[in-house]
Amino acid sequence: MILVNTDYITGKNFEMLGLVKGSTIQSKNLGRDITQSFKTLVGGELKAYTEMMNDARALATKRMVEEAEALGADAVVNVRYSSASVMQGAAEVMAYGTAVKFV
């Protein structure tokens, strides 16, 4: 599966199959949340949250690819990501794009 954030793939002609997306809502456990709260007092990277968001993006991308494969797609173009806070310590991550089939 080819994933690109452009609306074309050099040297490929394709037909659009439709919008595909994948999403997840992730949170850290209470212990991690408390330790990360203390980290905000001294500054620096909140590594537990960075890891959480990286994992969430990977899972959302995997789900998007599965949806594209179910349509028979060869690639997803215009891949984008969005995130939103759902509640304290929890975030939704969405990956979306256009599934295409090569002609």
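A residue counts as buried when its relative accessible area is under 20%, as exposed when it is over 50%, and as partly exposed in between. Keep those cut-offs in mind while touring this predicted model.

**Stop 1: inside helix H2**

Select Glu66. Glu66 has a relative accessibility of 41%, so the residue counts as partly exposed. Now add Lys62, which at 47% is partly exposed too. The two side chains form a salt bridge, with the closest N and O atoms 2.8 Å apart. Both residues belong to helix H2 and sit 4 residues apart, which is about one turn of the helix. Side chains of opposite charge can pair when their charged atoms come close.

How many salt bridges does the structure hold? There are 3, and the next two stops show the others.

**Stop 2: from strand E2 to helix H2**

Select Lys21 and Glu67. Their side chains meet in a salt bridge, 3.3 Å from N to O. This pair links distant parts of the chain, since Lys21 is in strand E2 (residues 14–27) while Glu67 is in helix H2 (residues 47–70), 46 residues apart. Lys21 has a relative accessible area of 41% and is partly exposed. Glu67 is also partly exposed, at 26%.

**Stop 3: a loop and strand E4**

Select Lys101 and Asp74. Here the salt bridge spans 3.9 Å, N to O. Lys101 lies in strand E4 (residues 90–102), and Asp74 in the loop between H2 and strand E3 (75–87), so the pair ties together parts that are 27 residues apart in sequence. The relative accessible area of Lys101 is 34%, so this residue is partly exposed. Asp74, at 26%, is partly exposed as well.

**Stop 4: the sheet**

Switch to a cartoon view and select the strands. In what order do the 4 strands of the open sheet stand? The order is E1-E3-E4-E2, and the pairing is mixed. Strand E1 (2–3) and strand E2 are at the edges with a single partner strand each, so one side of each has no neighbour in the sheet.

Zoom in on E1. Strand E1 pairs with E3 in the parallel sense, over 2 bridges. To find the place, select Ile2, which stands opposite Ala75 in E3. Strands of a sheet pair through backbone hydrogen bonds, either parallel or antiparallel.

**Stop 5: helix H2 and the sheet**

Finally, show helix H2 together with the strands. H2 lies across E1, E2, E3 and E4. Relative to E2, the helix runs at about 145°. The salt bridge between Lys21 and Glu67, seen at the second stop, joins a residue of E2 to one of H2.

Notes. Residues numbered from 1 in each chain as written. Predicted model: local features only at pLDDT ≥ 70, side-chain atom pairs only at ≥ 80, totals over all residues. Heavy atoms only, no water. Salt bridge = Lys/Arg side-chain N within 4 Å of Asp/Glu carboxyl O. Buried < 20%, exposed > 50% of the residue type's maximum accessible area, 1.4 Å probe, protein only. Pairing = 2+ DSSP bridges. Contact = heavy atoms within 4.5 Å. Axes fitted to C-alpha atoms, helices over the stretch in contact; angles between N-to-C directions.
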